[in-house]
Amino acid sequence: MVFNISFQMSNTRAPNFTKSEENLHLSLVSKYRNILECKLSNTDANQKKKNQCWKKIEVEFNSLSGQTFRDHKVLNKKYDNIKKRTTKKFADEKAYVGGTGRGSQQSIETTNVDVAVKEILGARLMGHSSEFDGDSETTCNKYFYE
């Protein structure tokens with residue numbers, strides 16, 4: 001007796017992430033941020049660590065979520081999309097403030113997801129402040145122009 005069983009991949013999308021899934025996802029990313037956000041130049045070894053970390057996150061996420069199964073590739077892509085969206089939001093705000101001569105800030109709507117990504121990325125998101133930035137008069141400028 002021969003059984004002919006064929007499996008077809010479904011072309012339907014998985015349901016969107018719920019707010020609780022997004023929060024769980026970002027808490028796990030935050031837990032492993034030292035590995036996931038590492039910018040070492042040794043990309044081969046670093047990439048292996050990151051892949052292993054995403055697989056760990058997949059197992060933890062699916063065991064804690066109890067909802068839709070999410071593959072580590074989907075979780076990685078979701079984090080990249082969240083990171084891009086949040087980075088753009090804060091960059092637009094910074095450009096607006098810089099373009100108005102330090103005028104009133106443009107009001108942006110900040111969510112708990114934005115705050116979590118801001119904590120994960122830290123200075124990479126907001127940039128470093130510079131003592132040499134701006135046209136303010138300092139003692140150095142006074143002596144130079146007198």
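**Figure 1. Arg70, a buried residue in a loop.** Let's start with one residue: Arg70 counts as buried because its relative accessible area is 3%, under the 20% limit for that word. This comes from a predicted model, as do the other views here. Arg70 sits in the loop between α3 and α4. Which residues is Arg70 in contact with, leaving aside its neighbours within four places in sequence? They are Ala14, Pro15, Asn16, Phe17, Glu21, Glu58, Phe61, Asn62 and Leu75. You can also look for Val59, whose C-alpha atom is separated from that of Arg70 by 9.1 Å. Along the chain, Val59 and Arg70 are 11 residues apart.

**Figure 2. The salt bridge of Glu21 and Arg70.** Side chains of opposite charge can pair when their charged atoms come close. Here the side chains of Glu21 and Arg70 meet in a salt bridge, at 3.0 Å from N to O. The two partners belong to distant parts of the chain, 49 residues apart: Glu21 is in helix α1, and Arg70 is in the loop between α3 (43-65) and α4 (72-99). Are these partners buried or exposed? Both Glu21 and Arg70 are buried.

**Figure 3. Two further salt bridges.** How many salt bridges does the count come to? The count is 4, and this view shows two of them. In one, the side chains of Glu60 and Lys31 meet at 3.1 Å, N to O. That pair links helix α3, where Glu60 is found, with helix α1, the place of Lys31, and the two residues are 29 apart. Lys31 counts as exposed because its relative accessibility is 54%, and exposed means over 50%. In the other, the side chains of Glu37 and Lys83 form a salt bridge at 3.2 Å, again N to O. Glu37 lies in the loop between α2 (33-36) and α3 while Lys83 lies in helix α4, so this pair ties together parts that are 46 residues apart in sequence. Both Glu37 and Lys83 are buried.

**Figure 4. Where helix α1 meets helix α5.** Find helix α1 (residues 19-31) and helix α5 (residues 112-121): their axes come within 10 Å and cross at roughly 10 degrees. Why are the two helices called roughly parallel? Angles under 35 degrees count as roughly parallel, and α1 and α5 are therefore roughly parallel to each other. On the α1 side, the residues of the contact are Glu22, Asn23, Leu26, Val29 and Ser30. They meet Asn112, Val113, Ala116, Val117 and Ile120 in α5. By type, the residues of this contact divide into 6 nonpolar, 3 polar and 1 charged.

**Figure 5. The largest nonpolar core.** In soluble globular proteins, nonpolar side chains tend to be buried together. The largest nonpolar core in this model has 18 residues. Which residues have the most contacts inside it? They are Leu26, Leu36, Trp54, Ile57 and Tyr79. Helices α1, α3, α4 and α5 each give two or more residues to this core. Take Ile57 as an example: setting aside residues up to four places away in sequence, Ile57 touches Leu28, Val29, Tyr32, Leu36 and Leu75.

**Figure 6. Val29 and its neighbours.** Val29, found in helix α1, is buried because its relative accessible area is 0%. Which residues does Val29 touch, not counting those up to four places away in sequence? Look for Leu36, Trp54, Ile57, Tyr79 and Ile120 around Val29. Measure from C-alpha to C-alpha and you will find Val29 and Leu75 9.6 Å apart in space, although they are 46 residues apart in sequence.

**Figure 7. Lys118 in helix α5, and the whole chain.** Lys118 has its place in helix α5. With a relative accessible area of 35%, Lys118 is partly exposed. The C-alpha atoms of Lys118 and Thr87 are separated by 8.5 Å, and these residues are 31 apart along the chain. Now step back to the whole chain, whose secondary structure comes to 7 helices and 0 strands. Of its 146 residues, 27% are buried. Among contacts with a separation of 6 or more, 65% are between residues 24 or more positions apart.

Methods:
Residues numbered from 1 in each chain as written. Predicted model: local features only at pLDDT ≥ 70, side-chain atom pairs only at ≥ 80, totals over all residues. Heavy atoms only, no water. Axes fitted to C-alpha atoms, helices over the stretch in contact; angles between N-to-C directions. Helix = DSSP H or I, 4+ residues; strand = E, 2+ residues; numbered from the N terminus. Parallel < 35°, antiparallel > 145°, perpendicular 65-115°, else oblique. Contact = heavy atoms within 4.5 Å. Nonpolar A, V, L, I, M, F, W, Y, C, P; charged D, E, K, R; others polar. Buried < 20%, exposed > 50% of the residue type's maximum accessible area, 1.4 Å probe, protein only. Core = buried A, V, L, I, M, F, W, Y, C linked by side-chain atoms within 4.5 Å.
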